[in-house]
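User: I'm new to this structure and would like a close look at a single part of it. Could you pick the helix and walk me through what surrounds it?

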Amino acid sequence: MESGDRSFTVITINKSGKKTRSNGGRYISKSPSSAARKAFSQYYRNHKTMSLEIHIKETTQNSSGKIFKYRVSKIKDPKDIIRDKETIHYEYTTKVKAL
């Protein structure tokens, strides 16, 4: 872990108001929103759900253990980016909104 990194764990993942997963995972990140984005990406790989509500709890040592709630979704936003003389095509952008 680098300086400034915090750790988070998933409390619940909700889809359309229904609980789909209750807990699990440890996500190391500088902000809770980027940890929620990582949790969404991992869930999306298996379930292909376009929008979820994710509740995460900070588990960093000596932290208050605050719970953060986010609506995370994939938005169709095609982009081409040139990196190292190669064109990379991105079809979706992940959006995170605090609740």
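Analyst: Here is a walk along the helix, then out to the strands around it. Keep in mind that this is a predicted model.

Let's start with the helix itself, H1, which covers residues 32-47. Does its length add up? What span should 16 residues give at 1.5 Å a residue, and how far apart are the end C-alpha atoms of H1? The expected span is 22 Å, and the end C-alpha atoms are 22 Å apart, so the two agree.

Next, which residues of H1 are buried? They are Pro-32, Ala-35, Ala-36, Ala-39, Phe-40, Tyr-43 and Tyr-44. If you're wondering about the rhythm of those numbers, there is a handy general point: an α-helix has 3.6 residues a turn, so residues three or four places apart point the same way. As for what the buried residues of H1 pack against, the list is E1, strand E2 (18-21), strand E3 (24-29), E4, E5 and E6.

Now look at where the helix stops. H1 is followed by Lys-48, and the phi of Lys-48 is positive, near 55 degrees. Lys-48 is a residue other than glycine, and you'll find it in the loop that runs from H1 to strand E4 (51-58). Is Lys-48 buried or exposed? It is exposed, with a relative accessible area of 53%.

There's another lysine like this elsewhere in the chain. Lys-85 is not a glycine either, yet its phi is positive at about 65 degrees. Lys-85 sits in the loop between E5 and strand E6 (86-98), and with a relative accessible area of 85% it counts as exposed.

Back to the helix and one of its buried residues, Tyr-44. Over the face of Tyr-44 lies Lys-74, at 4.8 Å from the ring centre. Follow Lys-74 and you reach Thr-94, because the side chains of these two residues are joined by a polar contact of 3.5 Å. Thr-94 belongs to strand E6, and it is buried, with a relative accessible area of 18%. Leaving out neighbours within four places in sequence, Thr-94 is in contact with Arg-37, Phe-40, Val-72, Ser-73 and Lys-74. Phe-40 is a name you've met already, as one of the buried residues of H1.

Finally, let's step out to the strands. There are two aromatic pairs by the ring rule. Phe-8 and Phe-68 form an aromatic pair of the edge-to-face kind, with 6.2 Å from centre to centre and 75 degrees between the planes. Phe-8 lies in strand E1 (residues 6-15) and Phe-68 in strand E5 (residues 67-83), so this pair ties together parts that are 60 residues apart in sequence. Both Phe-8 and Phe-68 are buried.

Glu-58, in strand E4, touches both of those rings' residues: its contacts beyond four places in sequence include Phe-8 and Phe-68. Glu-58 counts as buried, at 11% relative accessibility. Its side chain makes a polar contact of 3.0 Å with the side chain of Arg-6, and another of 3.2 Å with the side chain of Thr-60.

Conventions. Residues are numbered from 1 along each chain as its sequence is written. This is a predicted model: local features need pLDDT of at least 70, side-chain atom pairs count only at pLDDT 80 or more; totals for chains, interfaces and linings use all residues. Side-chain values use heavy atoms; hydrogens and water are left out. Rings of Phe, Tyr and Trp (its six-membered ring) pair if their centres lie within 6.5 Å; planes under 30 degrees apart count as stacked, over 60 as edge-to-face and the rest as tilted. Helices (H or I, at least four residues) and strands (E, at least two) are DSSP runs, numbered from the N terminus. Buried means under 20% relative accessible area, exposed over 50%, partly exposed in between (1.4 Å probe, protein chains only). A charge sits over a ring if NZ of Lys or CZ of Arg is within 6 Å of the ring centre and within 35 degrees of the ring normal. The expected span of a helix is 1.5 Å times one less than its number of residues. Contact means heavy atoms within 4.5 Å. A polar contact is a pair of N or O atoms within 3.5 Å; within protein, one must be able to donate a hydrogen and the other to accept it, and residues adjacent in sequence count only if both atoms are side-chain atoms.
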